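This report describes the strand pairing and the nonpolar cores of one protein chain. The sequence and the model come first.

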Amino acid sequence: MRLLFIFIAILIISNVNAQDLKKHQWENRVVLIMAQDENSKEYNNQLAEFNKFPKELKERKMLIYHVLPQRYALVNDPVDPEQNEWISSSVLFDKFAGKNMDFKVVLIGLDGGIKLQKNVLLTTEELFGTIDSMPMRRAELNKNQNR
């Protein structure tokens, strides 16, 4: 009986963490920046690359998640990372990065599908080019031009 309770608790916790990304579906595009260690050069270079273009990220309905092996956070304040609320969980890292991954960036589209994955720095030029070529983004741009 005790094992059943533990198993159910694990399923509930896993489902709650998976829901963090599901809640953004059809509302926001999500970028996961993953590394084994928050002091990783690649990880910090990626954060710096994205922090240069907050307006452009917002225009494209982008949300950035920091994902480390045992925790993750939605970036609420890129300037002061201490303001970001970390959640203790390995679910996102295990699902998208895997145990032997040193660094990875994943773009998840509005539909919840993976649109781009890189194990090296993802430039904002490549990120924005990928997003801007998507049918839903082109529709957004057309809608804004017709206003």
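How many residues lie between β5 and β6 in the hairpin they form? The connection has five residues, and G112 in this turn has a positive phi of about 90°. The model is a predicted one.

## The β5-β6 hairpin

Strand β6 covers residues 114-118 and runs antiparallel to β5, with four bridges joining the two. One of the paired positions is I108, whose bridge partner in β6 is I114.

## Sheet order and pairing

The hairpin strands belong to an open sheet of six strands with mixed pairing, in the order β4-β3-β2-β1-β5-β6. Its edges are formed by β4 (87-88) and β6, each of which pairs on one side only.

Strand β1 (residues 29-35) pairs with β5 in the antiparallel sense over six bridges. β1 also pairs with β2, in the parallel sense and again over six bridges. Residue L32 takes part in both pairings: its bridge partner in β5 is V106, and its bridge partner in β2 is Y65. Helix α2 packs on the sheet and touches β1, β2 and β5. The direction of α2 makes about 150° with that of β1.

## Burial of β5

Is β5 buried or exposed? Six of the six residues in this strand (residues 103-108) are buried, so β5 is largely enclosed by the rest of the structure. The cut-off for buried is under 20% relative accessible area.

Both faces of β5 are covered. On one side the buried residues are F103, V105 and L107; on the other side they are K104, V106 and I108.

## Nonpolar cores

In soluble globular proteins, nonpolar side chains tend to be buried together. In this model the largest nonpolar core has 20 residues. Those with the most contacts inside this core are V31, I33, Y43, F50, M62, L107 and L127. Two or more residues come from each of β1, α2 (41-51), β2 (62-68), β5 and α5 (124-132). A second core, separate from the largest one, has 14 residues, including L32, Y65, V67 and A97.

Which residues does L127 contact, leaving aside its neighbours within four places in sequence? They are V31, F50, L57, M62, L107 and L122. Among these, V31, F50, M62 and L107 are also listed with the most contacts inside the largest core.

How values were computed
Residues are numbered from 1 along each chain as its sequence is written. This is a predicted model: local features need pLDDT of at least 70, side-chain atom pairs count only at pLDDT 80 or more; totals for chains, interfaces and linings use all residues. Side-chain values use heavy atoms; hydrogens and water are left out. Buried means under 20% relative accessible area, exposed over 50%, partly exposed in between (1.4 Å probe, protein chains only). Two strands pair if DSSP finds at least two bridges between them. A nonpolar core is a set of buried Ala, Val, Leu, Ile, Met, Phe, Trp, Tyr and Cys residues joined through side-chain atoms within 4.5 Å. Contact means heavy atoms within 4.5 Å. Axes are lines fitted to C-alpha atoms, for helices over the stretch in contact, and angles run from 0 to 180 degrees between N-to-C directions.
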